[in-house]
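Colleague: I would like a close look at a single part of this model, starting from one side chain and working outwards. Please take your time over the answer and connect the pieces as you go.

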Amino acid sequence: MTATLPLSAPTPGSLPLHTVRPADLSGFLQQLPAAQAAYLQATGFAAKAHELALLPGTAGLSGAVAGLGDETGPYAYGGLALGLPENSVWHLAGTVDTAATADAVLGFCLGAYRFAGFRTPKRAPAHLVQPPGTEAARHIAEAIWLGRDLINTPANALGPAELAQILRDLAGAFGATAEVTEGPALEAAYPTIALVGRGSARAPRVATLRWQGSTAGPDAPLVSLCGKGVCFDSGGYDLKPAAGMLRMKKDMGGAAITLALARLVMQADLPVRLVARIGCVENMVSADAMRPLDIVRTRRGLTVEIGNTDAEGRLVLCDLLAEASDEKPDLLIDFATLTGAARVALGPDLPALFCNDDALAARLLQAGQQAHDPLWRLPLWAGYDAWLESGAADLNNTASKPMAGSITAALYLQRFLAPATRWAHIDVYCWNDSTRPGRPEGAELQSLHAIFTFLYQFYANKRAKSHY
């Protein structure tokens, strides 16, 4: 990460930060010194969402009051780190329940994030004294900062080799094993990834992390994660317009989510076996680049005709999913900035969830609501499967009809699963188009908190760390 979280140990002289909702404002004012209560009333403080008032005192500043309105979750606190005076230190005042305390820590940290890899931040954030029992919120914030940094880093500084090295570094930090496949070995094992990467001077790689929890035996559940790591997507010969390329450094967002989620699983020491795979590649134009109507034989043995070189993400994922599902995981989840069609259907804030298990889908949706990180399920509608037919190969990488693009992409991926694989595919945007409290413009780790919440609830036992 380019910076550290704005959290501190207990600090002498830290100032009280009160949080209040409109319904509780009257009682809160009665508890304040008369002069401060009169000040808030005179300035019209109403405890609306993201309303912030600084309290005067004899020595200058004596505290602050943050309005929450009716908003719940971490983003209710997302404007505090940059709304409070620069470099000031605060502690949560009054009685705040455990869930709200965790939300406050997470929201405070998420709102403080600014990508500072290539410039000095315009201002330093305020700091919050970390309350006891909020280690999980801190870990989630650290994982999101890591993933945001990766997505925000421009492609000239984060290519396939650098992205693979991030996985190596992560594995080393947690005692996991890492393997990076490239060159002739990659061409043999992952032919579709090799095809996508053929047009770039920066060779593709597949990076794989393997880890086992301290209480996980050889028969512990295997959780398998796959991430699309297209470091830059020009569209290939089906070239994107200039405007369409402006955010294509984020096309490795699925890999960033995979790495951040692997970090959280290992940090929580879940009693599982974990395998995380990322396809690290870029889709460029050159004399060696794949062409429309090329045909490739995939790892699964199916042949695929290239209907569109800009539909490269599913080519990156299909070989990874084939390998991962052949290991018979208890659960297989992939993350990818896969289709613009998902954004047309659901907009920027709702990742599209595709799942072949109704009970699993219900649990994932529930976890998303609990974590304030929502998902929206779309159908694996079998009636559209025939749209992927090709006259020259087993299937085409794009559909024959210009509709339901996110569904047909998911149906394409489903073709490569081993039978009886319990699978979820998450089509994410990984970007904030504008700045909102807790969500600065730029990279976003959508679905990360939701999926980790599910994994912890589903797999943790009494021997796992309990502060989540």
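Is Arg 299 buried, exposed or partly exposed, and what is its relative accessible area? Which residues are linked with Arg 299 in a network of salt bridges?

Modeller: Please keep in mind throughout that this is a predicted model. Arg 299 is partly exposed, because its relative accessible area is 36%, and partly exposed covers the range between under 20%, which is buried, and over 50%, which is exposed. The network that contains Arg 299 links Arg 210, Arg 277, Arg 299, Glu 323 and Glu 327 through salt bridges.

The contact to begin with is the one between Glu 323 and Arg 299, whose side chains meet in a salt bridge with an N to O distance of 3.6 Å. Glu 323 belongs to helix α11, whereas Arg 299 sits in the loop between β11 (295–297) and β12 (303–305), so this pair ties together parts that are 24 residues apart in sequence. On the glutamate side the surroundings are described by another word, since Glu 323 has a relative accessibility of 14% and therefore counts as buried.

Glu 323 also meets a second arginine, for the side chains of Arg 277 and Glu 323 form a salt bridge at 2.8 Å, N to O. Here Arg 277 comes from strand β10 (residues 273–283) and Glu 323 from helix α11 (residues 313–326), so the parts tied together are 46 residues apart in sequence. Both Arg 277 and Glu 323 are buried. Taken together, Glu 323 is paired with Arg 277 and with Arg 299, and the network to which they belong also includes Arg 210 and Glu 327.

To place this network in its setting, the count of salt bridges in the model comes to 22. One of them is formed by the side chains of Arg 205 and Glu 182, with 3.2 Å from N to O. Arg 205 lies in strand β8 (residues 205–212), while Glu 182 is in the loop between β7 (177–181) and α7 (183–189), so that pair ties together parts 23 residues apart in sequence. Arg 205 is buried, because its relative accessible area is 16%, whereas Glu 182 counts as partly exposed because its relative accessibility is 37%. In this bridge, then, the arginine is buried and the glutamate is partly exposed, while in the bridge between Glu 323 and Arg 299 the glutamate is buried and the arginine is partly exposed.

Since you may also be thinking about cysteines, a search of the whole structure finds 0 disulfides. Cys 226 is in no disulfide, and the nearest cysteine sulfur, which belongs to Cys 318, is 11 Å away, although a disulfide would need the two sulfur atoms within 2.5 Å. Cys 226 is buried, with a relative accessible area of 0%, and Cys 109 is likewise buried at 0%. Cys 430 is buried as well, again with a relative accessible area of 0%, and this residue, found in the loop between β17 (423–427) and β18 (431–432), has a phi near 65°, a positive value in a residue other than glycine. Another residue with positive phi is Ala 404, at a value near 50°, and Ala 404 is located in the loop between β16 (395–396) and α14 (405–414). Unlike Cys 430, which is buried, Ala 404 is partly exposed, with a relative accessible area of 26%.

Aromatic contacts are another kind of side-chain pairing, and the count comes to 7 aromatic pairs. In one of these, the rings of Tyr 412 and Phe 416 have centres 5.0 Å apart and planes at 50°, so the pair is tilted, and both Tyr 412 and Phe 416 are buried. Phe 452 and Tyr 456 form a further tilted pair, with 6.3 Å centre to centre and 50° between the planes. Phe 452 and Tyr 456 are 4 residues apart in helix α15 (residues 448–459), and are therefore separated by about one helical turn; both of them are buried.

To return to your starting point, Arg 299 is a partly exposed residue whose side chain meets that of Glu 323, and Glu 323 in turn meets Arg 277.

Note on methods
Residues numbered from 1 in each chain as written. Predicted model: local features only at pLDDT ≥ 70, side-chain atom pairs only at ≥ 80, totals over all residues. Heavy atoms only, no water. Buried < 20%, exposed > 50% of the residue type's maximum accessible area, 1.4 Å probe, protein only. Phe/Tyr/Trp six-rings, centres within 6.5 Å; stacked < 30°, edge-to-face > 60°. Helix = DSSP H or I, 4+ residues; strand = E, 2+ residues; numbered from the N terminus. Salt bridge = Lys/Arg side-chain N within 4 Å of Asp/Glu carboxyl O.
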